[in-house]
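Subject: Structure handover

Hi,

Here is the structure for you to look at. My notes follow below it.

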2 protein chains.
Amino acid sequence: MRQGNKASPARALERALHRLEDLCRERGQRLTRPRRAVLAKLLTAGRALSAYELLDLLRPEDGKSTAASVYRTLDFLMALGIVHRLESTRSFVLCEHPGGPHWVQFLICRRCGQVVEAEDERIAAATERLGQRLGFALDQRIVELTGVCEGCRGSAARH
Amino acid sequence: MRQGNKASPARALERALHRLEDLCRERGQRLTRPRRAVLAKLLTAGRALSAYELLDLLRPEDGKSTAASVYRTLDFLMALGIVHRLESTRSFVLCEHPGGPHWVQFLICRRCGQVVEAEDERIAAATERLGQRLGFALDQRIVELTGVCEGCRGSAARH
DNA sequence: CCGTACTTGATACAAAGTATCATCTGCAAC
DNA sequence: GTTGCAGATGATACTTTGTATCAAGTACGG
C-alpha cells in the first residue's frame with residue numbers, strides 16, 4: 001500500500017532481491033540461498049514474524065533450515081539494514097525505508113499486529129538532545145509505540 | 001546519587017517498602033513476602049537485573065523462589081508502576097520516578113550497564129504527535145536509548 | 001575450473017517466559 | 001484473637017527464544 005507492494009507483490013519481491021544483491025556486492029558479502037529465502041518470506045508475509053514463525057515458513061521448501069540458521073540470516077540482514085527487530089514483540093520486519101542508516105520508530109497495533117515504520121525528525125532530534133543532556137553518546141535508539149490503529153478502533157469500537 | 005539512595009541504602013529500602021505498602025493498601029492488593037523480597041533485591045542491587053539474576057539472588061534466602069514466582073511478582077510490581085522492564089536487555093529496574101503514570105525513556109550504557117530513567121517532555125510530545133498523525137491511540141511507549149555514558153567514555157577512551 | 005574464506009547444517013544447549021493446579025496465607029470481618 | 005476465603009504462592013512441567021560449536025559445503029574472485 002505504502003509502496004505499492006500489495007499491488008504487485010511479485011514486482012516488489014524482485015525489487016527487494018535486487019536490492020539485496022546490490023548491497024551484498026557493495027559490501028563484499030555473499031548472496032546465499034537462505035539469505036534470499038528469508039528476505040522473500042518476510043516480504044510475502046507482509047508483517048512482522050518471529051524467528052520461529054519464519055522457520056515454519058521456510059522448512060516446507062528447505063528442510064535444512066534451523067533456528068540457528070534463521071537467526072544468523074536475520075542478523076546478517078539486520079547488519080545490512082534491510083530488516084529490523086521489534087524488541088517488544090521479539091519479531092522481525094522488513095525495513096520500509098531502505099537507504100542509508102537512519103533512526104526509525106515503530107508503531108505497532110496491538111489488535112491487528114500491523115507495524116508502521118516512521119522516520120520522525122522531532123523524535124530523532126529530541127532523543128539526540130536527551131542523550132547529550134545526560135552525557136550519553138547514543139548508538140542505538142529503540143522507539144516502539146504500541147496502541148490501536150485507526151482501522152481497528154473503527155471496526156471494533158468500545159471493545 | 002540522584003535521590004541519595006547510595007548515601008543511606010537502609011533508609012532507601014525502608015522508604016521503598018513503605019511505598020509498596022501504601023500502594024497495596026490504596027489498590028486493595030496484598031503485601032506478600034515475595035513482593036517485598038523482589039523489591040528489596042532490585043533496590044539493593046542498584047541496577048537492572050534479569051529475572052533469572054533476581055532468582056539467583058532470592059534463592060539463598062528463600063529456596064522456594066521459582067522463575068514463575070519471580071515473573072509473577074515482577075508483573076505485579078510493574079502493574080503498580082514501581083518496576084519497569086527494559087525490552088532491549090530483557091531486564092527489570094526499579095522506577096526512579098515513583099508517582100502517577102508517566103511516559104519515561106531509558107538511557108542504557110552498553111559499557112557499564114548503568115540505566116538512567118528520564119521523563120522528557122519533548123519526546124513525550126513528539127511521540128504523542130506521531131501517534132496522532134498516523135492514527136494510533138497509543139497506550140505504551142518504549143523508548144530505550146543505548147550508548148556509552150560520560151564516565152565510560154572518559155575512562156576507556158578510544159576503546 | 002580451482003581454492004579457500006566464509007557460510008551453512010546439524011546438534012546440543014542456554015536463557016527467557018508461561019500454564020496448570022493443589023496448597024497456603026493476608027487481611028477484612030467478626 | 002479467630003475465622004473464612006479470594007487471591008497468592010509453590011511445584012512442576014513445558015514452550016518460546018536465542019547461542020555455541022564444529023564439520024561439511026559453496027559463492028565467487030582469480
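Which residue of chain B forms a salt bridge with Asp139(A)? Arg110(B) does, and the closest N and O atoms of the pair are 2.7 Å apart. Keep in mind that this is a predicted model.

**Where the two protein chains meet**

That salt bridge has company. The count between chain A and chain B is six salt bridges. Polar contacts across the same interface come to 16 residue pairs, both residues being at pLDDT 80 or more. On the chain A side, the elements that give two or more residues are strand 3 (105-109), strand 4 (115-118), helix 5 (121-133), strand 5 (137-148) and helix 6 (150-155). Strand 5 of chain A gives the most, with 12 residues. By type, the residues on this side of chain A divide into 17 nonpolar, nine polar and 12 charged.

How many residues does each chain bring to the contact? Chain A brings 38 and chain B brings 39. The size of an interface is often given as the accessible area lost when the parts come together. For chain A and chain B that buried area is about 3,300 Å². Carbon and sulfur atoms carry 61% of it.

Strand 5 of chain A also pairs across the interface. Its partner is strand 5 (residues 137-148) of chain B. The two strands run antiparallel and are joined by 11 bridges. To check the register, start at Arg141(A): its bridge partner is Leu145(B).

**DNA strand C**

Now the nucleic acid. There are 17 residues around DNA strand C. Those that come nearest are Arg30(A), Thr32(A), Arg72(A), Tyr52(B) and Tyr71(B). Of the strand C atoms that come within 4 Å of the protein, 54% belong to sugar and phosphate.

Some individual distances:

- Arg90(A): an N or O atom of the side chain is 3.1 Å from a phosphate oxygen of DNA strand C.
- Leu31(B): a polar backbone atom is 2.9 Å from a phosphate oxygen of DNA strand C.
- Tyr52(B): an N or O atom of the side chain is 2.7 Å from a base nitrogen of DNA strand C.

Which elements give two or more residues to the surface near DNA strand C? They are helix 2 (33-45) and helix 4 (67-80) of chain A, together with helix 4 (67-80) of chain B. Helix 4 of chain B gives the most, with three residues. The residues of this surface divide into six nonpolar, three polar and eight charged.

**DNA strand D**

DNA strand D has 17 residues around it. Tyr52(A), Tyr71(A), Arg30(B), Thr32(B) and Arg72(B) come nearest. Sugar and phosphate make up 54% of the strand D atoms that come within 4 Å of the protein.

Three distances to bases are worth listing:

- Arg30(A): an N or O atom of the side chain is 3.5 Å from a base oxygen of DNA strand D.
- Tyr52(A): an N or O atom of the side chain is 2.7 Å from a base nitrogen of DNA strand D.
- Arg30(B): an N or O atom of the side chain is 2.6 Å from a base nitrogen of DNA strand D.

The elements that give two or more residues to the surface near DNA strand D are helix 4 of chain A, together with helix 2 (33-45) and helix 4 of chain B. Helix 4 of chain A gives the most, with three residues. By type, the surface near DNA strand D has six nonpolar, three polar and eight charged residues.

**Chain A by itself**

Chain A holds six helices and five strands. Along the sequence they follow the pattern α-α-α-α-β-β-β-β-α-β-α. The C-alpha trace of chain A spans about 45 × 45 × 30 Å along its principal axes.

One salt bridge sits inside a helix. Asp22(A) pairs with Arg25(A), with the closest N and O atoms 3.2 Å apart. Both residues lie in helix 1 (residues 9-26) of chain A. They are three residues apart, about one turn of the helix. Over all chains, a search of the whole structure finds 18 salt bridges.

Best wishes

Definitions and conventions:
Residues are numbered from 1 along each chain as its sequence is written. Chains are lettered from A and ligands numbered from 1 in the order in which they are written. This is a predicted model: local features need pLDDT of at least 70, side-chain atom pairs count only at pLDDT 80 or more; totals for chains, interfaces and linings use all residues. Side-chain values use heavy atoms; hydrogens and water are left out. Contact means heavy atoms within 4.5 Å. Buried area is the accessible area (1.4 Å probe) that two parts lose on being put together, summed over both. A salt bridge is a side-chain nitrogen of Lys or Arg within 4 Å of a carboxyl oxygen of Asp or Glu. A polar contact is a pair of N or O atoms within 3.5 Å; within protein, one must be able to donate a hydrogen and the other to accept it, and residues adjacent in sequence count only if both atoms are side-chain atoms. Helices (H or I, at least four residues) and strands (E, at least two) are DSSP runs, numbered from the N terminus. Ala, Val, Leu, Ile, Met, Phe, Trp, Tyr, Cys and Pro count as nonpolar, Asp, Glu, Lys and Arg as charged, and the others, Gly among them, as polar. Two strands pair if DSSP finds at least two bridges between them. A residue is near a molecule or strand if one of its heavy atoms lies within 4 Å of it.
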